[in-house]
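Please read the following account with the model open beside it. It goes from charged pairs to backbone angles, then to cysteines, a helix contact and an enclosed space.

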Amino acid sequence: MSEESKAMRESCKNVAAIEQLHFVREKLQKFQSKMLSDFEQRISCMIEDVLQDIRQQELRAHEFRQFENHADRGNNSGTWHNRKQQTSSTILAKSDVSDCPNGSADVQNETRPAQHQNQQQTQEKQQQQNQQAKQQKQRRQLPDKVFVARESYLTALLQVEHMRTIYHIFNIILVMLLLNVVCHDYFVEGRIKLGLGTVFGGFKRLHWVMGVWLLEHIFVLALYYAFQGWALVRAKLQSHNSLQRFWSHSCLIMYISAQLVFGYVSTSLCAKFQLPFVSACVLLLESTRLLMKMHAFVRYNAERVLAGKQKTDDEQKAPMGRPYVPPLHCYVYFLFAPTLIYRDSYPRTAHIRWKFALSRLLEMVAIAFMYAFIHERHIHEHFGQFGKEPLETPQIIVKLFGMMLPCAMIFLGGFYMILHSWLNFTSELLRFGDRMFYKDWWTSHTYDSYYRNWNVVVHDWLYEYIYRDVYTHIFKGSKLASSLLVFLISALVHEQVLGFGLQVFFPVMFVCFGVVGVSLVFIMRSAPKTLGNIFLWFSLILGNGIIISLYSMEYYAKRNCDLHYESWSDYLMPAIWRCYH
């Protein structure tokens, strides 16, 4: 019996071992099949990615020739990049000259052979410290703006037949809008107006704006001779350091005061002349543009005068003993060139393409008509009686969502009219070569990249003359603080243009741009590409719809309500609140 029990136990053990082996084999087989399936899936994904890259490369080579040709022109940074990092030799040369009072490099003294071993060790330590300091300075060095002869993104994209088809579709949509207006005017109003009343009303008192614009240009030209006088007097006072500093500081105070007065006059004239919105925006935007141009010229050339530059970028030497100031024609060309970054010269095209310029001009006229149509058939229809009609929440929600699509058209039309049509039109007339006024902001999946790519012209100015100076001299390397200051300044300028253009105090743009927009920059930094781009477009359409609707409500509420202004607080209180409370 004992032998049988032993045999039974052994057989049970064998069965258990066999079951365990089967279990382990099943697990191994499942693991193997899972590993193989994952491996096959990854291999297929990698193959698909490679094939997709090949297809995109073929598409770029055959369809997007404009992009491919520009990218192959010996520009290591690529056609569609507008900044490059300074080379180490340039940075070291600048630091050597600026750190040495007599203009000679200290490195030459450090490389002399030492006579004693202690001196050699000391010099080696100093060299190591200097190299570390220069490497840290090189890491902190911000890239510079570069100008390259290139077309705008949409100009290059519209060379592709598929993109031209989409362009033709939008043209047909504008024709349908025109037929809609003609039919509505003829069968409802009894006469065809084509929105000309809205256009002429928007540009009312434009001759006053042109008069102010001419006076502003006289002031801007006077700045050139004032800057030249400061540079000459400063050079003559070179042997008197205290008088030289007093003269420079006095001129700096006068320059800042003149800038403030210049900005104040343009904004006060909008209220004094009672300019309509379009004319007021023309005056305010032109005044802001001239302010930015003046600061760019002074900031760029003052640095050269302080550094003792006596020759141009083309190595044309100035008279001996006189600081270098660019010729007047360089300054005048810069005033009208479609850029806010000053250089003595820019890339130029060989000739003017008159057909191209005429096409851009006609596009601006077409979008102006579209704006008149949206104002008459949507903005005025929804909010024209605001302040007289009762305020009900369901009615407001219906009006807001009814304005979403028209406001999206205003947003996209404004981008195309100003940043593409207008700037390309002026560039063609002036033969200005660098047409990268915007990048592919429509593919952005974060607000960070959207703000950088949406308006490259203004972004370059903010980066070059605000962000870099604040980053280098005030916040000492703090990118966050420098970025927040740039957003604050940009939000204030946006609010100033809209507030004085509509003659209302209603800081919705400041809150949406300076608070909500900044928050979205940090919130969306880790967003996935597809979801980020979808949310970006959703927020842009929703945000523009709300902003334009709220400003329209405030504008018509102020016009329709009989409001009395007895104290300063009445001017700060929104007209919407005072009308219905």
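Glu-151, Arg-353, Glu-428 and Arg-435 are linked in a network of salt bridges, a salt bridge being a side-chain nitrogen of Lys or Arg within 4 Å of a carboxyl oxygen of Asp or Glu. The model is a predicted one, in which local features need pLDDT of at least 70 and side-chain atom pairs count only at pLDDT 80 or more, whereas totals for chains, interfaces and linings use all residues. Residues are numbered from 1 along each chain as its sequence is written, and side-chain values use heavy atoms, with hydrogens and water left out.

Side chains of opposite charge can pair when their charged atoms come close. Within the network, the side chains of Arg-353 and Glu-428 meet in a salt bridge with an N to O distance of 3.0 Å. Arg-353 lies in the loop between α12 (328-336) and α13 (354-383), while Glu-428 belongs to helix α15 (residues 404-430), so this pair ties together parts that are 75 residues apart in sequence; helices here are DSSP runs of H or I with at least four residues, numbered from the N terminus. The two partners differ in their surroundings, for Arg-353 is partly exposed at 31% relative accessibility, whereas Glu-428 is buried at 1%. In these terms, buried means under 20% relative accessible area, exposed over 50%, and partly exposed in between, with a 1.4 Å probe and protein chains only. Glu-428 also forms a salt bridge with Arg-435, the closest N and O atoms being 3.1 Å apart, and both Glu-428 and Arg-435 are buried.

The structure holds 14 salt bridges, and another of them joins Arg-468 to Glu-464, with the closest N and O atoms 3.3 Å apart. These two residues are four apart in helix α17, which means that about one helical turn separates them. Arg-468 is buried, with a relative accessible area of 14%, and Glu-464 is buried as well, at 11%.

Two loop residues deserve a look at their backbone angles. Arg-431, in the loop between α15 and α16 (447-454), has a phi near 55 degrees, a positive value in a residue other than glycine, and its relative accessible area of 28% makes it partly exposed. Gln-503, in the loop between α18 (479-502) and α19 (508-523), has a positive phi of about 60 degrees although it is not a glycine, and at 22% relative accessibility Gln-503 counts as partly exposed.

How many disulfides does the structure hold? The structure holds one, where a disulfide is defined as a pair of cysteine sulfur atoms within 2.5 Å. Cys-561 and Cys-579 form this disulfide, their sulfur atoms lying 1.7 Å apart. Cys-561 sits in the loop between α20 (529-560) and α21 (568-572) and Cys-579 in helix α22 (residues 575-580), so the bond ties together parts that are 18 residues apart in sequence. The torsion about their S-S bond is about 140 degrees, so the disulfide is right-handed, and Cys-561 is buried, with a relative accessible area of 14%. Cys-270, by contrast, has its closest cysteine sulfur in Cys-281, at 8.3 Å, which is too far for a bond; Cys-270 is buried at 0% relative accessibility. Cys-183 is partly exposed, its relative accessible area being 40%.

Helix α10 (residues 241-273) contains Gln-259, which counts as buried at 15% relative accessibility. Leaving aside residues up to four places away in sequence, Gln-259 touches Leu-291, Met-294 and His-295, contact meaning heavy atoms within 4.5 Å.

The last feature is an enclosed space. On a 1 Å grid over the protein atoms alone, a cavity is a set of points where a 1.4 Å probe fits but cannot get out, and its lining residues have an atom within 4 Å of a point. The count comes to one cavity of 30 Å³ or more. The largest cavity has about 80 Å³ of space, where grid points are joined across faces, edges and corners and a volume is the space filled by probe spheres set on the points. Its lining has 13 residues, of which Lys-145, Thr-339, Met-436, Val-457 and Asp-460 lie nearest the centre of the cavity. Helix α17 (residues 456-474) gives the most to this lining, with three residues. The lining of the largest cavity divides into nine nonpolar, one polar and three charged residues, with Ala, Val, Leu, Ile, Met, Phe, Trp, Tyr, Cys and Pro counted as nonpolar, Asp, Glu, Lys and Arg as charged, and the others, Gly among them, as polar.

Terms used: On a 1 Å grid over the protein atoms alone, a cavity is a set of points where a 1.4 Å probe fits but cannot get out, and a pocket is an open set with protein on both sides within 12 Å along at least five of seven lines; lining residues have an atom within 4 Å of a point.
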